[in-house]
Each structure stands twice: as C-alpha cells, then as structure tokens.
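Please follow the explanation below with the sequence and the model side by side, since it moves from one helix contact to another and then to the two sides of a single helix.

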Amino acid sequence: MSVISRASLGRSLWQGSAVAAVVGLLAAPGFAQQQTPPAAPMVQPLPPVAPVVPPPTISAAQAAQLTQLLADAGFAQGLRHDGAAAPQMGGNEAVVRAALDYARAVHSGRLDTSDFQADWGLRPAAYDPIPAFADAVKRDRIAAWFRSLPPPYAGYDGLQKGLANYRKIEAAGGWSTLPAGPDLAVGSTGARVTALRKRLAVEDSDVATTGATFDAELKEAVVRAQRRYGLNPTGLVSTQTLAALNVPAGDRVRQIMANMERWRWLPAELPAKRIQVNIAAAVLTVFEGDAPIASMKAVTGRPGNETPMLQSRIHSIVLNPPWNVPAGIAAKELFPKGAAYLAANNYKIIGTGAGRRIQQQPGPKSALGLYKFDFDNPYAVYLHDTPAQAKFASFNRLDSHGCVRLEKPGPLAELLLRNDPAWQPDAIEAAKDKGKTLRVQLQPQDQVHVYLLYWTAFASANGQMNFRGDPYGWDKTLAAKIERRSAITAVAAR
C-alpha cells in the first residue's frame, strides 16, 4: 500500500539521469516489492495552544445535528471497541465539549502525552479545534468540518472500512479456533479440512465452505491467506499459519484501531523525499512523492531489543564504518567470548578497567558492513549494511539489537548521492575499496527524511485487509490505552 494522500502531493523526489539505473538496482531480484503502509514524521510535543477564540455558542438545531453526528462517530473511527458506549450529552455546552474532544482525538490522536512509551518516538502536533469549529458554527457548515477531521489519507480510509467489516465479523461470532494437529496440505482429508474451509471463507468469499478434502483450490486460498498475513506462501497449513488464523476477530479489530491511531500522528502532508521502514514487516521503502518506487528487505529489532518508532533525516553516509559496540552488548555478548574471539573478529578493546569499551574495526567482518546511514535520534539507532545476508531469505526478520540492517545498501547510497558530482558510483567504490573510514555529508537538498514505523494492519487496493504480527505487543497496548483514554474523556465531556 503506497502512502497516498487524498490530495496528491505531486512532487518529484529523485532527480538526475542516473536515477533509473539506481532504482533498477533497488528493484532487482533480492529486493522485496512489498506493499507497505506509509511513514509518519515525528513532531515533538508542543505546549497546549491557547484558544484564539472561546468555544462558540451553538443553536438548538446545531446541537441536534452534532448529537447525531457524534452518536456513532467514535465507534466508527476506532476510538472505542464497545459500540454500546456512545457518549451521553445533557445540554448544548456538553455537546460542544464532546465535539471538541472528538475533534482532537480523531484529528491528532486519542492518547495523552503521558500515554506514550519511550520507544514510541512519534508525536502528533499540538492541535486546537476551536477556531475551525467556531468558523463552521458561524457559517453553519458543521457537517463539512466534521468530515474534514480524520487523517486525509487513503490508507486511513481503508482501515476505517476494514474496521467496519471486522466489527461485523466479530458481532456475528467471529470464527472458530482451528484445532491443532498434523500439517494440512493437498490430499489431507477430514473434519479439520472442513473447519479450515469455513475459517478461510470468513475473510475470503472465493473459498467454498463445504468439502472435507484439501484440493488445489483450497491450497490457493491458503496461499492468499498467507500473503495477507505476511507468511511464507507455501500453501501448507502448519504452526505459523494456524496461529495467524486463530487470532480472534476481536483482536483484529483492536489491531486496526491501533494502526488508525498511529495514522493520526501524521501531519496533513508528508514530505516528498522520504524513506520508510516498516518495523513489523522488516521492509524499507523508498518513496517518490506519494508512490513507492522501490523497496528492500530489512532486519529490525527482535523483541526485547525493539526498533523504536521515530522520524529523522539522513544527513550523512559513513563508508567502511567501525562499530562502537554498546556497553550492554559488549558486557553480555562479547567480553565473555574471550580475547582470542575478539581478535579473530577484528574487535579492539579501547581503554582499561571499568571504562573499557569494544570497537570492531572496519572491514568485511564488521557488523555494520561497508555502509552506515546516519540520522539524529535519541535512541542511537541507524540504517546499515551487514555481512550476514542469510536472514534476508527469512520471512521473520526481527533479529537485530534495534538498528536496521539493509539487504542492498549500495544502490541506496548511490541514490542519495546522485546529485553530488564528487560522489558518483565510481568514486564511492574507490573510497570503499581503500578500506578507510570516511564520512560523506549529504548536501542539504539531498538529505532525506527517514521514518521508522510500526504498521501491522493495512488495506490493499481492492479493500482486502492485510495483517502482520504484533511482535512487540504494541498493538494490544495501544488499543487498551485508546479505550481507557476514551472512557476518561467521555466522563469529562459531560
């Protein structure tokens, strides 16, 4: 899924005659042409904005109109899971409070600043709905104002439609848990095959619900499901596929709610120059305007070493980077292996006593490979190359200490340096081959926004919902925070 605004940004990202060749390398075999949801810039929290105008006084007709608009809006926008918890309002002032609360929640997020985890480094901009609301009241255009509040992106619209569909599925009883047992494949028969058919048919209308034989058509249905869930599309129903199919419908609703909330942390317009990483899917995508032009596989943080969500700007590329090993990794993983191991893998101990640290020297054994892409952030993470290529062949690529490893960093470096006459591909190769560490500053106009996002639910172009695993448990945590904050503000708005 591309990052497409309802109003196209319409700006070009990459310039120069060498772009087509570099993008061709990025799109060559070995690069995952996966559809990924968009990236969101981080906006540091700002102090509350003092209202420019006081809340307006509304007429009885406008109060009735707002009451009707608000009746199911929070439910439809994923601000609460329980459809029976519609806000109760007892007068015009209460209606205005409820409208302003809803506007803040659906426009820039339901969470309070205190609800954000430290590694959720994305923040919505401060937003005061009163001026636009007062203008809408004055001109009697409340319905238009109401429609303008949600994020202006097709991706958000797709999630909202998916939310409605999965709410219906949940209300109808969801789906039955598929029992454990031997792997199911073409030729399998029995009650578990029938149960599999019924389960797949809930999300895929092309699946026949009757029949106890696993045939070729059922295999294709399994492949479709595996693609929707980001699994290896083998057509074999084994442990991972069974686990994905057995996630309750209510959990899928909450997963959609969580991803809708992250959309609200985006500004109204994304910069044209951007690179995004979907942490959960472990995929990097390069965007030109509002269309992805190439993507590559990545390796992101394993649970316990989470890659944080953040926004920054790539300002330089380090060729032949050394690795300054974080103290925790050095103490737990490297010092216990002894001096012989460290020497054999080109590690150097710097300092003595309690202040000693480890640095891996540049070279083919360096954990950072030959390229490091630097951007300012408080988490000390970055994008980098790696000599360990085997993990890129896996569908589960959450295996780093928090930084993001790239499958093909060389073409990306060429793309970022395309407009610098001193750093054309031959010059990059020559500097890299010398083996010495060199930092190449990107020209200001070539510095590109980078976003590390956690997207686990998104709709494809045909409206089909796609899900990824929630390896960090952030979806459930966020959905619970949304519901708790909605309950608090509902009471306050009365």
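**Helix packing and a two-sided helix**

The crossing of helix α2 with helix α4 is left-handed, and this is a feature of a predicted model. On the side of α2, which spans residues 60-70, the contact is made by A60, A63, L66, T67 and L70, while α4, spanning residues 92-108, contributes N92, V95, A98, A99 and Y102. Sorted by class, the residues of this contact comprise 8 nonpolar and 2 polar, with no charged residue among them. As for the geometry, the two axes come within 10 Å and cross at roughly 45°; because angles between 35 and 65 degrees are counted as oblique, α2 is described as oblique to α4.

A second pair of helices can be read in the same manner. Helix α8 (residues 191-203) packs against helix α9 (residues 216-228) at an angle of about 50°, with the axes 11 Å apart, and α8 and α9 are therefore oblique to each other. The crossing in which α8 passes α9 is left-handed, and the residues that make the contact are V193, L196, R197, L200 and E203 from α8, together with L218, A221, V222, A225 and R228 from α9. Here the division by class gives 7 nonpolar and 3 charged residues, with no polar ones.

Further along the chain, helix α15 (residues 425-434) can be examined by its two sides. Its buried residues are I428, A431 and K432, and, viewed down the axis of α15, these fall within an arc of 100°, so they line one face of the helix. What covers these buried residues includes the strands β4 (310-319), β8 (371-375) and β12 (438-441), as well as the helix α14 (409-416). The face of α15 turned away from the buried side carries D426, D433 and K434, which are exposed. After α15 comes G435, a residue whose phi is positive, near 80°.

These details belong to a chain whose secondary structure comes to 16 helices and 15 strands. Of the 494 residues in the chain, 50% are buried. How are the contacts in the chain spread along the sequence? Among those between residues at least 6 apart in sequence, 72% join residues that are at least 24 apart.

Key:
Residues are numbered from 1 along each chain as its sequence is written. This is a predicted model: local features need pLDDT of at least 70, side-chain atom pairs count only at pLDDT 80 or more; totals for chains, interfaces and linings use all residues. Side-chain values use heavy atoms; hydrogens and water are left out. Axes are lines fitted to C-alpha atoms, for helices over the stretch in contact, and angles run from 0 to 180 degrees between N-to-C directions. Helices (H or I, at least four residues) and strands (E, at least two) are DSSP runs, numbered from the N terminus. Angles under 35 degrees count as roughly parallel, over 145 as roughly antiparallel, 65 to 115 as roughly perpendicular and the rest as oblique. A crossing is left-handed if the near helix is turned anticlockwise from the far one by less than a right angle, and right-handed if clockwise. Contact means heavy atoms within 4.5 Å. Ala, Val, Leu, Ile, Met, Phe, Trp, Tyr, Cys and Pro count as nonpolar, Asp, Glu, Lys and Arg as charged, and the others, Gly among them, as polar. Buried means under 20% relative accessible area, exposed over 50%, partly exposed in between (1.4 Å probe, protein chains only). The arc is that of the directions from the helix axis to the C-beta atoms.
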